[in-house]
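Grab a coffee and work through these exercises with the model open beside you. Try each one yourself before you read the solution.

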Amino acid sequence: MPYVEGMADTYDLIIIGSGPGGYVAAIRASQLGMKVAIVERAELGGICLNWGCIPTKALLRSSEVFHLISHAKDYGLSVENPKVLLDAIVKRSRGVAQQLSNGVTFLMKKHKIDVLVGTARLEKGTSAPKVIVEKGKGEGTYTAKNVMLATGARAREIPGAGLKVDGKTVWAYREAMVPTEMPKQLLVIGSGAIGIEFASFYRTLGAEVTVVETLDRILPVEDAEISAFMLKQLGKQGIKFVTSAQVKSLKVSGGTATAEVMTKAADGKESAQALKADKVILAVGIVGNVENLGLEALGVKVEKTHIVVDGFGKTNVPGLYAIGDVTGPPWLAHKAMHEGVVVVEGMSGKTPSHKFDPWNVPGCTYSHPQVASVGMTEEKAKASGRKLKIGKFPFIGNGKAIALGEPEGIVKTIFDEETGELLGAHMAGEGVTELIQGYAIARQGELTEAELMETVFPHPTLSEMMHESVLAAYGRPLHI
């Protein structure tokens with residue numbers, strides 16, 4: 001990572017961490033006239049650009065292309081003996097990550113943001129904590145009017161049960177993105193977005209995949225109907241699922257991992273089974289990067305490895321802010337980006353301060369099929385005490401989905417019967433990670449069913465299903 005010249009001793013804002021939240025906050029602060037520095041100990045762009053969001057999507061794109069090639073006959077084409085070139089897939093993914101990281105370097109230079117290379121810690125200051133940078137070209141002591149923590153998070157481990165990354169047999173996301181050989185039998189522990197994406201990637205390329213989930217359904221933060229749909233679709237692809245299960249121990253011997261799994265049936269009875277695999281991916285959650293920052297000495301409030309903030313990014317320490325994964329769920333790059341902008345605009349005093357609303361943040365899972373959602377699940381909407389209007393539309397009723405050869409999917413919308421407010425939208429199927437933004441705009445703009453019904457959707461597109469789902473909620477669907 002290149003070092004940006006022009007260091008000063010004091011700044012308007014120092015940001016620790018250059019992931020999506022950190023670098024976007026730095027850019028917005030610069031646009032507002034602040035003198036900004038960003039501290040980074042590894043690669044610009046953080047985990048997301050280098051080891052998360054972007055390179056995983058490059059991997060998944062390769063698996064998607066392989067899936068299409070493998071089904072070429074369905075499209076009237078003939079492709080003989082397609083092969084998986086794992087080294088080339090990984091190389092492409094790493095190249096994409098490098099391109100994006102280089103792009104962040106360019107943006108830092110463009111906006112005259114100083115990059116302080118090294119590891120940061122905080123000490124008590126005057127208006128805000130002092131920033132001490134060590135182990136890098138940016139070594140020194142710096143002061144600022146405000147300091148922002150954007151240190152992100154990392155994969156959770158449970159050493160007591162043997163759920164600890166060894167880099168060889170037991171992987172986290174980083175190791176799973178740079179395999180040197182294709183696993184024959186892969187065990188994924190955890191069925192959130194990360195676990196399901198890797199399960200989908202490796203299964204498409206030929207691995208035998210088993211997913212273990214503690215709760216009674218996969219993708220547990222999603223609407224229950226979407227979870228059930230995905231269980232069925234991924235099961236058809238050959239992925240095996242063990243739900244309501246707890247990994248009691250994980251042991252590695254001779255390159256083979258053995259997981260002792262305890263499952264609980266609906267009647268409460270428990271049973272044990274041993275699952276073997278040559279590779280294991282841990283996807284059991286994440287923990288905030290709060291260690292070795294000096295937070296304890298400053299008295300920063302931390303709960304369950306996450307820094308406590310109000311809706312404006314403020315911690316309980318004057319002049320200290322925090323954004324992104326280190327502050328807790330939803331653990332999403334776009335949440336961190338938007339949060340960074342909200343916080344910087346608030347501290348600048350140059351724009352109206354507004355509280356960050358996590359309910360309008362869409363979530364996406366880039367498996368095959370894809371999953372996307374925003375707002376309340378049906379369960380949460382019912383728990384709120386509202387009377388609901390719920391609409392559903394299947395992909396099989398959409399001409400574009402059929403033409404694409406992707407007729408399996410569903411769009412579900414949930415409205416408040418009294419006000420017409422769109423409470424939540426949930427999708428599974430081809431392209432839904434691109435479609436969900438339409439519903440996110442509707443929620444942010446506080447649109448009702450009336451405006452959505454009156455909106456003209458282009459034909460033929462997958463987006464027509466969004467319209468049909470709204471119509472279905474009010475008994476007016478046109479194509480089912």
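**Exercise 1.** Decide whether Leu-250 is buried or exposed in this predicted model, and find what surrounds Leu-250.

*Solution.* Start with the accessibility: Leu-250 has a relative accessible area of 7%. Buried means under 20%, so Leu-250 counts as buried. Next, place the residue: Leu-250 sits in strand 12, which runs over residues 245-253. Now look for contacts, skipping residues up to four places away in sequence: Leu-250 touches Ala-161, Gly-162, Leu-163, Val-170, Ala-257, Thr-258, Ala-259 and Val-280. Finally, check a C-alpha distance: Val-261 is eleven residues from Leu-250 in sequence, and the two are 8.9 Å apart in space.

**Exercise 2.** Work out which backbone nitrogens the side chain of Asp-278 reaches.

*Solution.* First find the spot: Asp-278 is in the loop between strand 14 (270-277) and strand 15 (279-282). Then list the contacts, leaving aside neighbours within four places in sequence: Thr-169, Pro-183, Lys-184, Gln-185, Leu-186 and Gly-255. Two of these matter for the task. The Asp-278 side chain reaches the backbone nitrogen of Lys-184 at 3.1 Å, and that of Gln-185 at 2.6 Å. As an extra, measure along the chain and through space: Val-170 is 108 residues away from Asp-278, with 8.8 Å between their C-alpha atoms.

**Exercise 3.** Sort out which cysteines form a disulfide, and what Cys-364 is doing.

*Solution.* Begin with the sulfur atoms of Cys-48 and Cys-53, which lie 2.2 Å apart. The cut-off is 2.5 Å, so this pair is a disulfide. The count for the structure is one disulfide. Turn to the angle about the S-S bond: at -130°, the link of Cys-48 and Cys-53 is left-handed. On to accessibility: Cys-48 is buried at 11%, while Cys-53 is partly exposed at 28%. That leaves Cys-364, which is in no disulfide; its nearest cysteine sulfur belongs to Cys-53, 11 Å away. Cys-364 is buried too, with a relative accessible area of 16%.

**Exercise 4.** Find which peptide bonds are cis and which non-glycine residues have a positive phi, as with Pro-330, Pro-369, Lys-112 and Thr-305.

*Solution.* Keep the usual picture in mind: most peptide bonds are trans, and most residues other than glycine have a negative phi. Check omega first. Pro-329 and Pro-330 are joined by a cis bond, with omega about -5°; Pro-330 is in the loop between strand 19 (320-322) and helix 9 (333-348). The bond from His-368 to Pro-369 is also cis, with omega near 5°, and Pro-369 falls in the loop between strand 20 (363-365) and strand 21 (370-375).

Now check phi. Lys-112 shows a positive value of about 55°; Lys-112 is in the loop between helix 4 (86-110) and strand 3 (114-117) and is exposed at 70%. Thr-305 has a positive phi of about 70°; this residue lies between strand 17 (302-303) and strand 18 (306-307) and is partly exposed at 27%.

**Exercise 5.** Describe the lining of the largest cavity.

*Solution.* Count first: there is one cavity of 30 Å³ or more. Its volume is about 50 Å³. Next, read off the lining residues, among them Ala-155, Arg-156, Tyr-173, Ile-194 and Gly-285. Then classify: the lining divides into seven nonpolar residues, one polar and one charged.

Terms used: Residues are numbered from 1 along each chain as its sequence is written. This is a predicted model: local features need pLDDT of at least 70, side-chain atom pairs count only at pLDDT 80 or more; totals for chains, interfaces and linings use all residues. Side-chain values use heavy atoms; hydrogens and water are left out. On a 1 Å grid over the protein atoms alone, a cavity is a set of points where a 1.4 Å probe fits but cannot get out, and a pocket is an open set with protein on both sides within 12 Å along at least five of seven lines; lining residues have an atom within 4 Å of a point. Grid points are joined across faces, edges and corners, and a volume is the space filled by probe spheres set on the points. Ala, Val, Leu, Ile, Met, Phe, Trp, Tyr, Cys and Pro count as nonpolar, Asp, Glu, Lys and Arg as charged, and the others, Gly among them, as polar. Buried means under 20% relative accessible area, exposed over 50%, partly exposed in between (1.4 Å probe, protein chains only). Helices (H or I, at least four residues) and strands (E, at least two) are DSSP runs, numbered from the N terminus. Contact means heavy atoms within 4.5 Å. A polar contact is a pair of N or O atoms within 3.5 Å; within protein, one must be able to donate a hydrogen and the other to accept it, and residues adjacent in sequence count only if both atoms are side-chain atoms.
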